[in-house]
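Visitor: Please give me a close look at a single part of this model, beginning with one charged side chain and following the contacts inward from there. I would like one connected account.

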Amino acid sequence: MTSWQDPEAVRFMLDDCDTWAVVGLSGDPSRTAYQIAQLLQDRGKRIVPVHPSAETVLGEQGYASLADVPFPIDVVDVFRRSEAAGEFADQAVAVGAKAVWFQLGVVDEAAFERTTAAGVPMVMDTCPAIEWRRY
């Protein structure tokens, strides 16, 4: 386990955070982002699709960007390649999100340093489905 999978940060997000903006979520049920968003809903979380097409997904209105979301976000859950993910961590800090989660295989150490230095907990390279099974 690395410093970017701090058990307390994971616990905080899974237990104490209710509104999850899912960056990269589209209406394609074969995509991992869709399946994880559905799992989050099943666990009682409100999901907020963030995708340039701003489509409604799983019954929730989508937004083209994090800045367009008109209510507070607890966790920004990023389903983007590592080289594109860091900008969403920066945007999460800018909109006042309480935490940032980079999905399995997504690692940007510089973004982790910037985000945690701003006082925002962050985890990388793991998935809520994996972490809930560890409970």
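**From a charged side chain to the core**

Guide: Arg11 is partly exposed, with a relative accessible area of 27%. The model is a predicted one. Arg11 falls in that class because its value lies between the limits of 20% for buried and 50% for exposed.

Two acidic partners meet Arg11. The side chain of Glu8 forms a salt bridge with that of Arg11, at 2.9 Å from N to O. Glu8 and Arg11 are three residues apart in helix 1 (residues 7-16), so about one helical turn separates them. Glu8 is partly exposed, at 45% relative accessibility. On the other side in sequence, Asp15 also makes a salt bridge with Arg11, here at 3.7 Å from N to O. Arg11 and Asp15 both belong to helix 1 and are four residues apart, about one turn of the helix. Asp15 has a relative accessible area of 39% and is partly exposed.

A further pair connects two helices. Asp90 and Arg114 meet through their side chains in a salt bridge of 2.9 Å, N to O. This pair links distant parts of the chain, with Asp90 in helix 3 and Arg114 in helix 4, 24 residues apart. Asp90 is partly exposed at 34% relative accessibility, and Arg114 is partly exposed at 39%. Back in the first group, salt bridges with shared partners join Glu8, Arg11, Asp15 and Asp16 into one network. The structure holds seven salt bridges.

Asp90 leads into helix 3, where the path turns inward. Helix 3 has 14 residues and reaches 21 Å from its first C-alpha to its last, close to the 20 Å expected at 1.5 Å a residue. In contrast to Asp90, which is partly exposed, several residues of helix 3 are buried, namely Ser82, Ala84, Ala85, Gly86, Phe88, Ala89 and Ala92. The buried residues of this helix pack against strand 1, strand 3, strand 4, helix 4 and strand 5 (122-123). After helix 3 comes Gly96, which has a positive phi, near 85 degrees.

The strands in that list belong to an open sheet of five strands, ordered 2-1-3-4-5 with parallel pairing. Strand 2 and strand 5 form the edges, each pairing on one side only. Strand 1 and strand 2 pair in the parallel sense over five bridges, with Ala21 standing opposite Val48 in strand 2. Strand 3 and strand 4 are also paired in the parallel sense, over four bridges. There Val78 has Phe102 of strand 4 as its bridge partner. Helix 3 packs on this sheet, touching strand 1, strand 3, strand 4 and strand 5, and its direction makes about 165 degrees with that of strand 4.

Strand 1 is mostly covered, with five of its five residues buried. The cover is on both faces: Thr19, Ala21 and Val23 are buried on one side, and Trp20 and Val22 on the other. Thr19 is found in strand 1. Thr19 counts as buried because its relative accessible area, 12%, is under the limit of 20%. Beyond its neighbours within four places in sequence, Thr19 is in contact with Arg46, Val48, Phe71, Pro72, Ile73, Asp74 and Val75.

What remains is the nonpolar interior. In soluble globular proteins, nonpolar side chains tend to be buried together. The largest nonpolar core here has 24 residues, and Val76, Phe102 and Met122 touch the most other members. At least two of its residues come from each of strand 1 (19-23), strand 2 (46-50), strand 3 (75-78), helix 3 (82-95), strand 4 (99-102) and helix 4 (109-117). Helix 3 gives the largest share, four residues. For Val76, leaving aside neighbours within four places in sequence, the contacts are Ala21, Val23, Leu66, Phe88, Ala92, Ala97, Ala99, Val100 and Trp101. Among these, Phe88 and Ala92 are buried residues of helix 3, and Ala21 and Val23 are buried on one side of strand 1. There is also a second, separate core of 23 residues, which includes Met13, Tyr34, Phe79 and Ala99.

Conventions. Residues numbered from 1 in each chain as written. Predicted model: local features only at pLDDT ≥ 70, side-chain atom pairs only at ≥ 80, totals over all residues. Heavy atoms only, no water. Core = buried A, V, L, I, M, F, W, Y, C linked by side-chain atoms within 4.5 Å. Buried < 20%, exposed > 50% of the residue type's maximum accessible area, 1.4 Å probe, protein only. Contact = heavy atoms within 4.5 Å. Expected span 1.5 Å × (residues − 1). Pairing = 2+ DSSP bridges. Axes fitted to C-alpha atoms, helices over the stretch in contact; angles between N-to-C directions. Salt bridge = Lys/Arg side-chain N within 4 Å of Asp/Glu carboxyl O.
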